[in-house]
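Work through the exercises below with the sequence and the 3D view side by side. Try each task before reading its solution.

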Amino acid sequence: MTIKRIGILTAGGDCPGLNAVVRAVSKNALTHGIEVMGIRNGFDGLVRNDLFKITNETVSGILTLGGTILGTSNIANPFRYTLAPFGTPQEPKDLSGVVLHNFKENNLDALITIGGDGTLHMSQRFVELGLPIVAVPKTIDNDLSATDQTFGFDSALHIATEAIDRLHTTAQSHHRVMIVETMGRYAGWIALRAALAGGGDIVLIPEIPYNDDVIVEHILERKNRGKTFSIVVAAEGAQNEAGEQTIARTVEGSTDAIRLGGIAYKLSDRIEQRTGIESRACVLGHTQRGGTPTAFDRWLSTLYGAKALDMVLEEKFGFMASFKNFQMSEVKIAEAIANLKRVDPNGDEVKAALAIGMSFGSAKIG
Ligand code: F6P
């Protein structure tokens, strides 16, 4: 089969590096004489038939640009479509047939989907319906097991680390406890690595249930040693020993219906009450997904994008580009979505953190 025209979309939450992937895919395709159609706002563009032609000019100068020139959506799910005017949250519609129709109508020979867990699940369903898809893994959460690192994670990590650095000086001056909340969904990668890189005193991650008593004890023990401030890094998905997480809200129709968030505020109140030390919460939120990608993410995104187009040329449909042992490889999308990659409580990173005196707010590890 000769590939003449491909479509490319970015779906799910945005992150630094998306444009670098779009640029690498497009440059590689255009060099091979392949036409590239940008699909707007994830799979929504294939529902609404909203596509535009990408040229060398379109992708010129976007390597360093955050966000995505294609737009994205983490609520446009063609299998449970809730957006007006075609669907409503009360009556979600299956518009996968429309996507298949528009794919054909636009004479696309292949589709490159750039997204995280939710996008990969949708991509796999479309592969099963016959769409020739190659996927590229994106997420600041770094929670995909089939790849050593997703692009976007390094940039988020840098932002979180810089925030911890800045919070140190203000915590020190005011003799306060600062609770900094990171994103990451059900994985603690951003929180743990930022805590290690920024010198956090306590880190709470979803993989290790915390207990308030242990947190309070650690803060008071630091105070007794003359450390009048403490930095707590809390992943938004951290859970207590009863398995309770802090949910900000639920989003109907999304492949990721539960939005986590708010643990820092709740914890700050409890810590202040129990320690008598003034406490403040700082929720980093979407700052972790914004702005220019780090050098590492620009590099990784370029490798992912170039690889994805090579996979299209080799007709590796139903596969995802993967980064393993500092080499590009490929893995079935179905395999990539089978397991989430989470922090190993017995792994080296947790051991190192414990070895340097960091607390996980738990008496049950190490
Ligand atoms: O998956 C990326 C992510 O940023 C998570 O870390 C976070 O829980 C979620 O997306 C937030 O989603 P939204 O942009 O819909 O608030």
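**Exercise 1.** Does D201 count as buried or exposed?

*Solution.* The model is predicted, and the values used here are computed from it. Step 1: find the residue. D201 belongs to the loop between α6 (189-198) and β7 (202-204). Step 2: recall the cut-off, since buried means under 20% relative accessible area. Step 3: compare. D201 counts as buried because its relative accessibility is 11%. Step 4: look at the side chain. The side chain of D201 makes a polar contact of 3.0 Å with the side chain of R222.

**Exercise 2.** Which residues of β6 point one way and which the other way?

*Solution.* Step 1: recall the rule. In a regular strand, side chains alternate between the two faces of the sheet. Step 2: apply it to strand β6, residues 177-182. V177, I179 and E181 point one way, while M178, V180 and T182 point the other way. Step 3: check the cover. The residues on both sides are buried, so the count is 6 of 6 for a strand that is mostly covered.

**Exercise 3.** Which strands pair with β6, and in what sense?

*Solution.* Step 1: take strand β8 (residues 230-235). β8 runs parallel to β6, and 6 bridges join the two. In this pair, V177 stands opposite S230. Step 2: take strand β11 (residues 279-283). β11 also pairs with β6 in the parallel sense, over 5 bridges. Here I179 stands opposite A281.

**Exercise 4.** Why does V177 count as buried, and how far is its C-alpha atom from that of I219?

*Solution.* Step 1: place the residue. V177 lies in strand β6. Step 2: use the accessibility. V177 counts as buried because its relative accessibility is 1%. Step 3: compare chain and space. V177 and I219 are 42 residues apart along the chain, and their C-alpha atoms are separated by 8.3 Å.

**Exercise 5.** Where does the ligand sit, and which residues surround it?

*Solution.* Step 1: locate the ligand. The ligand sits in the largest pocket. Step 2: list the surroundings. The ligand is surrounded by N74, I140, D141, M183, G184, R185, E236, R259, H286 and R289. Step 3: look at distances from polar side-chain atoms to an oxygen atom of the ligand. For N74 the distance is 3.1 Å, for D141 it is 2.7 Å, and for R289 it is 2.8 Å. Step 4: consider the cover. On its own the ligand has 400 Å² of accessible area, and the protein covers 86% of this.

**Exercise 6.** What is unusual in the backbone at P85, N142 and N325?

*Solution.* Step 1: recall the background. Most residues other than glycine have a negative phi, and most peptide bonds are trans. Step 2: look at the peptide bond. A84 and P85 are joined by a cis peptide bond, with omega about 0°. P85 is in the loop between β3 (51-54) and α3 (96-105). Step 3: look at phi. N142 has a positive phi, near 55°, and N325 has a positive phi of about 50°. Step 4: place the two residues. N142 is in the loop between β5 (133-137) and α5 (153-174), whereas N325 is in the loop between β12 (319-324) and β13 (327-332). Step 5: classify them. N142 counts as buried because its relative accessibility is 1%. N325 is exposed because its relative accessible area is 66%.

Technical notes: Residues are numbered from 1 along each chain as its sequence is written. This is a predicted model: local features need pLDDT of at least 70, side-chain atom pairs count only at pLDDT 80 or more; totals for chains, interfaces and linings use all residues. Side-chain values use heavy atoms; hydrogens and water are left out. Buried means under 20% relative accessible area, exposed over 50%, partly exposed in between (1.4 Å probe, protein chains only). Helices (H or I, at least four residues) and strands (E, at least two) are DSSP runs, numbered from the N terminus. Two strands pair if DSSP finds at least two bridges between them. A residue is near a molecule or strand if one of its heavy atoms lies within 4 Å of it. A polar contact is a pair of N or O atoms within 3.5 Å; within protein, one must be able to donate a hydrogen and the other to accept it, and residues adjacent in sequence count only if both atoms are side-chain atoms. Accessible areas come from the Shrake-Rupley method with a 1.4 Å probe; for residues, only the protein chains shown count as cover. On a 1 Å grid over the protein atoms alone, a cavity is a set of points where a 1.4 Å probe fits but cannot get out, and a pocket is an open set with protein on both sides within 12 Å along at least five of seven lines; lining residues have an atom within 4 Å of a point. A molecule sits in a cavity or pocket if more than half of its atoms lie within 2 Å of its grid points.
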